Amino acid sequence: MAFVVFKDIMSPIIFYWTGHKNQLLSSIKRSISGLTSSCENGDFKIGITECPDTRWRQAYKHEYERMHALYRTTSPRVIRSLEKELTEYYWERVCNQRHGGGGFLGQGPYYLYVVLKENSGSNTR
(Lines give C-alpha, C1' and ligand atoms only; values in the text may rest on other atoms or scores of the structure.)
Protein backbone atom coordinates (compact mmCIF):
# COMPACT_ATOMS: atom_id res chain seq x y z
CA MET A 1 0.00 0.00 0.00
CA ALA A 2 1.23 3.47 -0.88
CA PHE A 3 -0.25 6.91 -0.43
CA VAL A 4 0.37 10.54 -1.24
CA VAL A 5 -1.27 13.51 0.49
CA PHE A 6 -1.38 17.14 -0.59
CA LYS A 7 -3.89 19.97 -0.45
CA ASP A 8 -4.06 23.60 -1.34
CA ILE A 9 -7.03 25.84 -1.88
CA MET A 10 -7.20 25.08 -5.61
CA SER A 11 -6.34 21.37 -5.61
CA PRO A 12 -8.00 18.10 -4.67
CA ILE A 13 -6.88 16.14 -1.63
CA ILE A 14 -4.78 13.25 -2.86
CA PHE A 15 -4.58 10.30 -0.49
CA TYR A 16 -4.73 7.11 -2.45
CA TRP A 17 -4.15 3.45 -2.07
CA THR A 18 -2.49 1.28 -4.66
CA GLY A 19 -2.71 -2.47 -4.78
CA HIS A 20 -5.21 -5.19 -5.55
CA LYS A 21 -8.76 -3.80 -5.64
CA ASN A 22 -10.31 -6.71 -3.76
CA GLN A 23 -7.84 -6.36 -0.87
CA LEU A 24 -8.55 -2.63 -0.55
CA LEU A 25 -12.29 -2.49 -1.25
CA SER A 26 -13.37 -2.50 2.39
CA SER A 27 -10.84 0.27 3.23
CA ILE A 28 -12.05 2.38 0.32
CA LYS A 29 -15.68 1.89 1.39
CA ARG A 30 -14.81 2.88 4.97
CA SER A 31 -13.06 6.01 3.67
CA ILE A 32 -16.05 7.00 1.54
CA SER A 33 -18.47 6.28 4.38
CA GLY A 34 -16.39 8.41 6.75
CA LEU A 35 -16.05 11.29 4.31
CA THR A 36 -19.77 11.27 3.52
CA SER A 37 -21.19 10.44 6.97
CA SER A 38 -22.71 13.90 7.42
CA CYS A 39 -23.65 14.39 3.75
CA GLU A 40 -27.25 14.71 2.69
CA ASN A 41 -28.32 12.42 -0.13
CA GLY A 42 -26.90 13.77 -3.38
CA ASP A 43 -24.14 15.82 -1.74
CA PHE A 44 -21.32 13.69 -3.14
CA LYS A 45 -20.19 12.02 -6.35
CA ILE A 46 -17.88 9.10 -7.11
CA GLY A 47 -15.83 9.17 -10.30
CA ILE A 48 -12.63 8.26 -12.11
CA THR A 49 -10.03 10.36 -13.86
CA GLU A 50 -6.46 10.36 -15.11
CA CYS A 51 -5.67 13.74 -13.58
CA PRO A 52 -7.39 14.75 -10.34
CA ASP A 53 -6.14 18.36 -10.54
CA THR A 54 -7.50 18.90 -14.03
CA ARG A 55 -10.79 17.14 -13.27
CA TRP A 56 -11.22 19.29 -10.15
CA ARG A 57 -10.55 22.57 -11.97
CA GLN A 58 -12.64 21.76 -15.04
CA ALA A 59 -15.64 20.03 -13.49
CA TYR A 60 -16.03 20.51 -9.76
CA LYS A 61 -14.29 23.43 -8.06
CA HIS A 62 -17.27 25.79 -8.40
CA GLU A 63 -19.95 23.36 -7.21
CA TYR A 64 -18.10 21.17 -4.68
CA GLU A 65 -15.92 22.00 -1.70
CA ARG A 66 -13.51 19.06 -1.72
CA MET A 67 -12.23 16.28 -3.92
CA HIS A 68 -10.53 13.22 -2.44
CA ALA A 69 -8.57 10.86 -4.69
CA LEU A 70 -8.69 7.50 -2.92
CA TYR A 71 -7.31 4.82 -5.24
CA ARG A 72 -4.83 4.64 -8.12
CA THR A 73 -4.27 1.91 -10.69
CA THR A 74 -2.80 1.48 -14.16
CA SER A 75 -5.67 -0.79 -15.22
CA PRO A 76 -8.68 0.79 -16.98
CA ARG A 77 -10.64 -2.44 -16.37
CA VAL A 78 -10.00 -2.31 -12.61
CA ILE A 79 -10.83 1.39 -12.22
CA ARG A 80 -14.08 1.08 -14.19
CA SER A 81 -15.07 -2.00 -12.19
CA LEU A 82 -14.36 -0.23 -8.90
CA GLU A 83 -16.33 2.86 -9.91
CA LYS A 84 -19.31 0.71 -10.92
CA GLU A 85 -19.18 -1.32 -7.72
CA LEU A 86 -18.97 1.75 -5.47
CA THR A 87 -21.69 3.75 -7.24
CA GLU A 88 -23.97 0.73 -6.96
CA TYR A 89 -23.09 0.32 -3.26
CA TYR A 90 -23.85 4.02 -2.53
CA TRP A 91 -26.61 4.42 -5.15
CA GLU A 92 -29.28 5.62 -2.71
CA ARG A 93 -27.03 8.49 -1.54
CA VAL A 94 -24.67 9.36 -4.38
CA CYS A 95 -25.33 12.09 -6.97
CA ASN A 96 -24.01 10.06 -9.96
CA GLN A 97 -26.29 9.85 -13.00
CA ARG A 98 -25.13 6.33 -13.87
CA HIS A 99 -23.28 3.40 -12.33
CA GLY A 100 -19.90 4.36 -13.81
CA GLY A 101 -18.54 4.23 -17.32
CA GLY A 102 -19.41 7.80 -18.23
CA GLY A 103 -16.33 8.82 -20.15
CA PHE A 104 -13.22 8.00 -22.14
CA LEU A 105 -10.04 6.94 -20.36
CA GLY A 106 -6.63 7.49 -21.92
CA GLN A 107 -3.22 6.13 -20.92
CA GLY A 108 -3.43 6.28 -17.12
CA PRO A 109 -2.65 5.97 -14.29
CA TYR A 110 -6.29 6.21 -13.20
CA TYR A 111 -7.70 7.57 -9.95
CA LEU A 112 -10.97 6.92 -8.16
CA TYR A 113 -12.25 10.05 -6.43
CA VAL A 114 -15.09 11.40 -4.31
CA VAL A 115 -16.26 15.02 -4.48
CA LEU A 116 -18.21 16.60 -1.60
CA LYS A 117 -20.52 19.61 -1.72
CA GLU A 118 -19.95 22.61 0.54
CA ASN A 119 -20.74 22.14 4.23
CA SER A 120 -20.97 18.36 3.91
CA GLY A 121 -18.75 15.53 5.07
CA SER A 122 -15.89 15.79 7.51
CA ASN A 123 -13.94 18.98 7.94
CA THR A 124 -10.38 18.72 6.59
CA ARG A 125 -9.22 22.31 6.97
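Here are four short exercises, with worked solutions, on a predicted model of a protein chain.

**Exercise 1. Getting your bearings**

Work out how many helices and strands the protein chain has, and in what order they run.

*Solution.* Start with the tally: the secondary structure comes to 3 helices and 4 strands. Next, walk along from the N terminus, and you will meet the elements as β-α-β-α-β-α-β. Now turn to the contacts between residues at least 6 apart in sequence: 77% of these join residues at least 24 apart. Finish with the surface. Of the 125 residues, 45% count as buried, and the accessible surface of the chain is about 6900 Å², with 47% of it belonging to carbon and sulfur atoms.

**Exercise 2. One face of a helix**

Find the buried residues in helix α2 (residues 52–60), and explain where on the helix they lie.

*Solution.* First, pick out the residues: Pro52, Trp56 and Tyr60 are buried in α2. Second, look down the axis of α2; its buried residues fall within an arc of 40°, so they line one face of the helix. Third, recall a general rule: an α-helix has 3.6 residues a turn, so residues three or four places apart point the same way.

**Exercise 3. A bridge between two helices**

Identify the partner of Glu85 in a salt bridge, then decide whether each of the two residues is buried or partly exposed.

*Solution.* Begin with the pair: the side chain of Glu85 meets that of Lys21, at 3.3 Å from N to O. Then place both residues. Glu85 sits in helix α3 (residues 76–89) and Lys21 in helix α1 (residues 21–35), so this salt bridge links distant parts of the chain, 64 residues apart. Last, check the accessibility against the cut-off, since buried means under 20% relative accessible area. Lys21, at 13%, is buried, whereas Glu85, at 28%, is partly exposed.

**Exercise 4. More salt bridges**

The whole structure holds 4 salt bridges. Describe the ones that involve Lys117 and Arg66.

*Solution.* Take Lys117 to begin with: its side chain forms a salt bridge with that of Glu63 (3.6 Å, N to O). Because Lys117 lies in strand β4 (residues 110–117) and Glu63 in the loop between α2 and β3 (64–73), the pair ties together parts that are 54 residues apart in sequence. Lys117 is partly exposed at 23% relative accessibility, and Glu63 is partly exposed at 46%.

Now move on to Arg66. Its salt-bridge partner is Glu65, with the closest N and O atoms 3.7 Å apart. Both Arg66 and Glu65 are buried.

Terms used: Residues are numbered from 1 along each chain as its sequence is written. This is a predicted model: local features need pLDDT of at least 70, side-chain atom pairs count only at pLDDT 80 or more; totals for chains, interfaces and linings use all residues. Side-chain values use heavy atoms; hydrogens and water are left out. Helices (H or I, at least four residues) and strands (E, at least two) are DSSP runs, numbered from the N terminus. Buried means under 20% relative accessible area, exposed over 50%, partly exposed in between (1.4 Å probe, protein chains only). Contact means heavy atoms within 4.5 Å. Accessible areas come from the Shrake-Rupley method with a 1.4 Å probe; for residues, only the protein chains shown count as cover. The arc is that of the directions from the helix axis to the C-beta atoms.
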